[in-house]
Structure formats: C-alpha cells, structure tokens
Amino acid sequence: MANNDIRQEINRAGVRMWQIADELHISQCTFSVKLRHELTPGQKNKIREAISTIQKTNELEEVNNEF
C-alpha cells in the first residue's frame with residue numbers, strides 16, 4: 001500500500017483524514033485518492049505540517065475546555 005509512513009503517522013497522531021483534508025483545503029475524497037499513489041517528499045511534508053497544526057489546535061481546545 002502506498003504512503004504507509006503517512007498513514008501510520010496519521011493513526012499515531014490521532015487525527016482524522018477529513019481534518020487533514022480541511023487543513024489542506026481539499027475534499028476528503030481528493031485526499032483519499034492522493035494517498036493511493038506514493039506522494040512526493042514535499043506533499044508528505046505538507047501533510048505532516050497539517051497533522052502538527054491539528055494536534056496543536058486539539059491541545060488548545062482541550063485546555064480551553066478544562067476551564
């Protein structure tokens with residue numbers, strides 16, 4: 001399967017593919033189709049950046065919900 005490294009990172013990060021698609025401003029379907037074929041290093045970096053951004057946002061929301 002193509003992009004196993006990215007798929008594993010998504011699972012470990014605990015984010016959903018639709019969240020990454022939203023962050024990248026593409027549809028969930030388009031993101032899923034892109035994962036079918038090996039991505040370029042640049043594309044993988046953009047996805048990793050999106051994962052990081054989503055994780056930070058989720059952490060901030062958790063902190064705000066504690067109050």
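**Exercise 1. Find which side chain E9 pairs with, and what that pairing ties together.**

Step 1. Start at E9: its side chain meets that of R48 in a salt bridge, at 3.0 Å from N to O.

Step 2. Place the two partners. E9 belongs to helix 1 and R48 to helix 4, so this pair ties together parts that lie 39 residues apart in sequence.

Step 3. Keep in mind that you are working with a predicted model. Its mean pLDDT is 94, and 97% of the residues reach 70 or more.

**Exercise 2. Work out which other salt bridge R48 makes, and whether R48 is buried or partly exposed.**

Step 1. Look from R48 to D5: their side chains also meet in a salt bridge, with 3.5 Å from N to O.

Step 2. Since R48 lies in helix 4 and D5 in helix 1, this pair joins parts that are 43 residues apart in sequence.

Step 3. Check the cover. R48 has a relative accessible area of 30%, so it counts as partly exposed. D5, also at 30%, is partly exposed too.

**Exercise 3. Trace the network of salt bridges and say how many salt bridges the structure holds.**

Step 1. Add the pair K44 and E38, whose side chains meet at 2.6 Å, N to O.

Step 2. Test K44 for burial. The cut-off for buried is under 20% relative accessible area, and K44, at 10%, therefore counts as buried.

Step 3. Now put the residues together: D5, E9, E38, K44 and R48 are linked in a network of salt bridges. The structure holds four salt bridges.

Step 4. Here is the idea behind such pairs: side chains of opposite charge can pair when their charged atoms come close.

**Exercise 4. Decide whether N3 is buried or exposed, and find what its side chain reaches.**

Step 1. Locate N3 in the segment before helix 1.

Step 2. Read its accessibility: at a relative accessible area of 1%, N3 is buried.

Step 3. List its surroundings. Leaving out residues up to four places away in sequence, N3 touches K34, L35, H37, E38, L39 and K44. Two of these, E38 and K44, are the salt-bridge partners from Exercise 3.

Step 4. Follow the side chain of N3 to the backbone nitrogen of L39, which it reaches at 3.0 Å.

**Exercise 5. Describe the largest nonpolar core and find which helix gives the most to it.**

Step 1. Count the members: this core has 12 residues, among them I6, I10, I20, F31, L39 and I54.

Step 2. Sort them by helix. Helix 1 (4–13), helix 2 (17–24) and helix 4 (41–66) each supply at least two residues. Helix 4 gives the most, with four.

Step 3. Zoom in on I20. Apart from neighbours within four places in sequence, I20 contacts I10, V15, F31, I47, A50, I51 and I54. I20 is one of the buried residues of helix 2, alongside Q19 and A21.

**Exercise 6. Step back and summarise the whole protein: which elements does it have, and where is confidence lowest?**

Step 1. From the N terminus on, the elements run α-α-α-α, that is, four helices and zero strands.

Step 2. Note the extent: the C-alpha trace spans about 45 × 20 × 20 Å along its principal axes.

Step 3. Of the 67 residues, 25% count as buried.

Step 4. Compare confidence: helix 4 has the lowest, at a mean of 90, and helix 2 the highest, at 98.

Methods: Residues numbered from 1 in each chain as written. Predicted model: local features only at pLDDT ≥ 70, side-chain atom pairs only at ≥ 80, totals over all residues. Heavy atoms only, no water. Core = buried A, V, L, I, M, F, W, Y, C linked by side-chain atoms within 4.5 Å. Buried < 20%, exposed > 50% of the residue type's maximum accessible area, 1.4 Å probe, protein only. Contact = heavy atoms within 4.5 Å. Polar contact = N/O pair within 3.5 Å; in protein donor to acceptor, adjacent residues only side chain to side chain. pLDDT = per-residue confidence, 0-100.
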